[in-house]
Every structure is written in structure tokens, then in C-alpha cells.
Amino acid sequence: MPVPPWRIISVLHKAETGPIVLEKDFDKRILIPNIKRVVKEYDIKYDPNNPVPSDDSLAKDVWNAAVDLFLTVGTYCTTTQRRMIFTEEELKEALWNYNDWLEIGEGKDRRIWTSRKVEDTKLPGCLFTPVGVRCSEENFIHMIMAYMQEPLADAVSTPILDKVEGGYTKTHSPFEQQGGVVHAQYARQAAVRVGRPGIAIILTGTALSAASQIASSNPIWGARPTDLRLVSVISELKIDYDLLNKTLHFNQYGGIIGTLSGPLYGVYAGIEGTTVIGVASHLQGLLVNQGHFTCYFPVHFRYFNNTSREMLWLVSLSYQALANNTKLISGSNGFAVAGPCTEMVLYESALHGLVSAVSGTAILWEIASASNKHFERTTPMEARMACETGIAAVYSKLKRSDVNEIVKKVLPKYEDKIDKAPLGKTFPECYDVKSLKPSDEYIQLYKKVKRELEDLGVCYPY
Amino acid sequence: MGQEANVIERLRASIINLDEEEAKKATEEILSKGIDVKIAIEEGITKAAKIIGDKFERGEYFLGELLVAADIITENMNMMLSALPEGVKEKLGKVVIATVYGDIHDIGKNLLAQLLKIYGFEVYDLGRDVPSMKIVEKALEVNADIIALSSLMTTTMPAQKEVIDILKELKVRDRFKVIIGGGSTSPEWAKEIGADGWGETAWDGVKLAMKFVGKEVE
């Protein structure tokens, strides 16, 4: 089954010929009223007492609401100020023909990712990521190597190269393009140095614009067709021509495309509406962004995390809606508010992995630390905790109801600290940067939290 | 006085309830009865703005409500201001706001722009992906009090620094308060680039802007 791409030329025409509407009117008169309408019509209600719901009919309602929302509203192209409208038939065709497995990386480092169902006994894939944290050129390769050497990592993402040749890698400047090229070269070098030359790498974070992304595509020294490339959904349900240019290039280069979808809770809607937007953005991801998979990172607009009670509900319900009704391969991207080498970040990471895995995510995509905004404040330990716990949930054959009880016991350990979370330590402060070893302090914390989770019924295979 | 308070209360309630028609009727009544416009603005519009801000902060109102509220407040404020003599028609201050060059994410910027309008600032919203020099030119042209710069992406944060560097190079840095925000930014970054303030949220941005024009948010 060849999708994506799905009728890519027809998609380009939709951006040129759809109905014109000013962006403010799209938000105010089309998008927001329809979010409110579907939440009410499909009677979607948040239940704080059950952060991991087991109600399949609720998941079905979320799915139906998301389809209704997407087919009514469409995707807004901010460049042409036109709505790209899709029919139900088009959506069904794309969903039916979607390829539900994905080959990433190459050689011995090649991996297969497949879609999963709710409470699936099939293990999810794992992607280890420092997300968008800025990193110095001095520590860049070592940070990537630290992530790549994690045995559970099928693929990795890489941090943002802060400066190159003395200049900030500022978007649209030549330093961005230079940074993108150097970034890709360093990432390849890191892969060779840890003995995983063919590992799939998300490239190229430092290159935000289409032009710089294209410049970093190179099968020898740069982003290969077997690597993973990302195209964002602009929040909410929007796209622009620079992003569509990326989609075209990645497809024509033969790359594997991921849709970046990060709906913001508290801006366009409350928790129920944001859940619907999140599922609907997967439909845009398939039809407009032409994503082979999705990197899904719904976040609270203030704290930039998805580890609170209501955000875990959103994550769980989104995945249940998607897994019960589609074959889409979606990676659940955690965002923690606490920083590395704190108990809190380990609890947050563990719960995100646990909830995502049992709810049907295809890939544990773990995890941003310290709200993804502090220089070099991320390490592979947080991702290790999240992925190992998600894998353990499946290995232990936990059900949603089991995970719901565990979440209810662990959440009180940190949920009142979300607005004053500890920043923790930077990568060089809690890792030996050269030997790539985490500090004893961090290892002890990690073991302690794992023991606590074991006591709650999470059986780790090792 | 009872009648005055009653109609002002109606104005306040209708703004909070996002009832455009009722708000307009109340303002027309205030003007036709010769009620003190300054009191009506303070007790009706400003207090409604504060409550709308609180509702947004508590997660009861979202962007949609802010868009509607900002339109209602602007319309009614303009009606009130047209009844005042020229010298009294003062806004709290002028803010030039933009999402910086290279960044297409403008939700945070839009929220702050709407809240600032609701609070009575004169807002020049330049949109997203705005070249640094264009932001500086606009701030100089309108003699802004505050420049507000948003950046979501890590690789567009340096454009916030660029705006400040240009202001320094043109020797006009002291004429403006520069506040920054956005998902990838942090207090350390604000300090590193010499911004006057950092806001984690749009609401923090309002508090900073109010502080810079000598007002406090209750």
C-alpha cells in the first residue's frame, strides 16, 4: 500500500484553489466554533478521577468528533489564506491505503515500526530524543552518541546546534544552512563512533527552513533517504508553503516523513477540545503533510509538558481513538517539566511511557526535559526511564485499568510541583561527557524510581 | 448614581459574557445619559478586562473568547473615546509585537496581542516571521514604549537577540522596553541577550507591560 504520499499534486492544488478566508476569521468563525460544537455534540467529558480511561465508547466519540472537525474545517494554508478541504471519500481512501509498517535506518541498524492497538502485546518502537534543546558544538557529538548508544533506541533525534563557525544558527541566515550541514555530518559521525552507522536519525533540527533542509540532504555525509524528516502542523490545523516544500522534497528524495503535531492545551480549547484537535491533526498529517508517521507532542501552553493528570488523559484518549480506528503509526513524544537528575523527571517520564504504551502508541518518542527550553538540560536517562517503563507495561501485560491505578498513585508525587518544578542538571553536570556515563547520583535515582514502580506492578524485563 | 452604576454594571457583564449587542446598547446608554465616560471605562471596560484575563488564566476562556472580547472592547472603547476631549484619549502605552524572523508560530504572540488590547494598550501587531529591522523601524515610527518578541523555535531565538543588537547599534536601546517570550525561551536567555523581561505566558507579558507603564495588575 503506497500511502503516503496521497495524491500529492491534488493537495498542492487545494492550497491554490480552496476557499479564501482571512486567518483571524478562520480561527474565530470556523475553527473555534467547530471545536466547541463537536465537543458538545459528541459529549466528550474529561474525568480527572480516571487519567487513563478504559471507556471504548469515549474513544470512539473522540474519533468521530475529530473526523467531523477535520472534514468541516479542513487545513488552513497561511501562505495562500485558503482552506484546503477534503471529502470523506478522500479521507477514507488515504486511511485504507495507508502503509501500516515502516522500515527505518539501514543495514544491520534497520528497524521496522508498525501500528499498534490498545493494550497490544506487541512492543512499541523507541525513539530517544533530546528534542529541541540547544547544545554547544563542543558537546554536540557526545550528546548524540550518548543517545545513540542506548540499546532500546531504534532511532534518535539530535539537539540543536547553537552556533557554527562562531555564528548563531539563526533561521533564514546562511549560518542556518551551514549549521544544518554541519549538524548532519556530526550526527553521521556520532552514529559511526557508537557502531551504529545505519541508525535512523531525525534530521536536521538545526535547519528549520525548507532551503536548509534540502541543503542537508545527502546520501553520503548528510540526511539519507533512510533517515527521518519532519514536517510540522502549524497549531492548529494549519500549514504553509515552506512546509509543503519540505513535504515535496522529502518525498522526491525518498525520505521517511514524520508529521510534527503539537496541539496546545489551553489556547484554542480546553482539554476535551485539544484532544479532538490532536486526533484531527493526525488526519492533516496524513493528507496534507504526507507523513508516514506522526510525532505527537500535545503540551500544556503554560508549562510545555504533557505529564500532568489532564495531559495524560489527553495522551491516552488520543491514542485509543487512533489505535481503535486507524492503522496510523504515531509516536508519543513526552514533554516533562522537571529537569535531568531529579526524581520528578523520572516519575514524569515513567508515566508518559506507561500511559502511551498501553493506550496504543506505535513509538515511544521520549522525552523532552525541563520543558525543552534550557541549554543542554536533557540526557538519555529520562528517555531510558520512559521507554523501559513503556516496554515493561507491555511486557507485564498491563491493562488500561491497571495503568490508571498506577498513575493515580504516582501523580500525587509531583502534580502539585508542576508550576515550580526543579530544573535539575545539565548534560555535562550529570554525565561524563567523554565516557558517556551517567553519574552515580542519577543512576541511584533511576534505580529508586524503578523499584517504586516495580512495587506498583510494573515488571521490568531487566 | 444608582442608574449610572446599573448601566456600567451591564456594560461590564455584557463584555465578560461576550455579548456584543448588549455591550453596545449599554455604551450607547452611557453616552446618551451623559454618564462620566472615564468612570465607565474604569469600572466597566477595565474591570471586565481584568475578569476576562482571570478567566483565561484559569482555563475558562481560550483564544476564541479573547478574540471576541478584544473586538467588543475595542468597539466600545472607541465609542467612549470619541466622546472625550482630545487630550484625554490616552492609551496605556504603545506596543510593537511580532513573532521573530523565521518563526511561523504565532499563537503566543496572538494571545499577548489580544490581552494587551483588552487591557488598553495600543498594539501594533506585525504578524509572524517578521524581519528584525522591520520590527525596529515600526517601533521607531510609532514611538513605541514596548517591543514584544515571540519565538517558539530554538533556531529562531537568535532573532530576538538581533532586534536588541540593532537597537543598541542604532543607539536607541534605552527608548524601548524589550520583552521576550515563547516556548523555547527562558529567563537565562532573556538575560543573555539583554532583554528587559521574559514572560512564560501571555499573561506574564501583560504583567510586564503593565509594570513598564507604571501600572500594576491586581
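Modeller: A definition first: two strands count as paired if DSSP finds at least two bridges between them. The model here is predicted.

Biologist: What makes β1 and β2 of chain A a pair?

Modeller: Three bridges join strand β1 (residues 75-77) of chain A to β2(A). At least two are required, so the two strands pair. They run antiparallel, and C77(A) stands opposite R82(A) in β2(A).

Biologist: Which strands form the open sheet in chain A, and in what order?

Modeller: The order is β2-β1-β13 of chain A, with mixed pairing.

Biologist: Why are β2 and β13 of chain A called edge strands?

Modeller: β2 (82-84) and β13 (238-239) of chain A each pair on one side only.

Biologist: How do you know that β12(A) and β14(A) pair?

Modeller: Strand β12 (residues 228-232) of chain A shares five bridges with strand β14 (residues 256-261) of chain A, in the parallel sense. The definition needs at least two, so β12(A) and β14(A) qualify. Within this pair, R229(A) stands opposite I257(A).

Biologist: What makes β12(A) mostly covered?

Modeller: Five of its five residues are buried. A buried residue has 20 or more other C-beta atoms within 10 Å of its own C-beta atom. L228(A), L230(A) and S232(A) point one way from β12(A), while R229(A) and V231(A) point the other way, and all are buried.

Biologist: How do you know that the length of α3(B) agrees with that of a helix?

Modeller: At 1.5 Å a residue, the 21 residues of α3(B) should span 30 Å, and the end C-alpha atoms are 29 Å apart, so the two values agree. The expected span uses one less than the number of residues. After α3(B) comes G59(B), with a positive phi near 80°.

Biologist: Which residues of α3(B) are buried, and what do they pack against?

Modeller: The buried residues are A40(B), I41(B), G44(B), I45(B), A48(B), A49(B), I52(B), G53(B) and F56(B). They pack against α1 (2-16), α2 (20-32), α4, α5 (107-118) and α9 (202-212) of chain B. Residues three or four places apart in an α-helix point the same way, because there are 3.6 residues a turn.

Biologist: Where are the domains of chain B, and how many residues of each are in contact?

Modeller: The domain assignment gives domain 1 (2-87) and domain 2 (94-212). Their centres, taken over C-alpha atoms, are separated by 27 Å. In the contact, 13 residues of domain 1 of chain B meet ten residues of domain 2 of chain B. On the domain 1 side, α3 (37-57) and α4 (63-81) of chain B each supply at least two residues. α4(B) gives the most, with seven residues. By class, that side has nine nonpolar, three polar and one charged residue.

Biologist: How do you know that the largest nonpolar core lies between the two domains of chain B?

Modeller: Of the 225 residues in that core, A66(A), V276(A) and I147(B) touch the most other members. Domain 1 and domain 2 of chain B both give residues to this core, so it lies between them. Leaving out residues up to four places away in sequence, A66(A) touches V276(A), V279(A), A280(A), L283(A) and A321(A).

Biologist: How many residues of each chain take part in the contact between chains A and B?

Modeller: Chain A gives 30 residues and chain B gives 25. On the side of chain A, helix α2 (residues 23-41) gives the most, with four residues. That side divides into eleven nonpolar, ten polar and nine charged residues.

Definitions and conventions. Residues numbered from 1 in each chain as written. Chains lettered and ligands numbered in written order. Predicted model: local features only at pLDDT ≥ 70, side-chain atom pairs only at ≥ 80, totals over all residues. Domains from an automatic or database assignment. Contact = placed C-beta atoms within 7 Å. Nonpolar A, V, L, I, M, F, W, Y, C, P; charged D, E, K, R; others polar. Buried ≥ 20, exposed ≤ 12 C-beta atoms within 10 Å, placed from the backbone. Core = buried A, V, L, I, M, F, W, Y, C linked by C-beta atoms within 7 Å.
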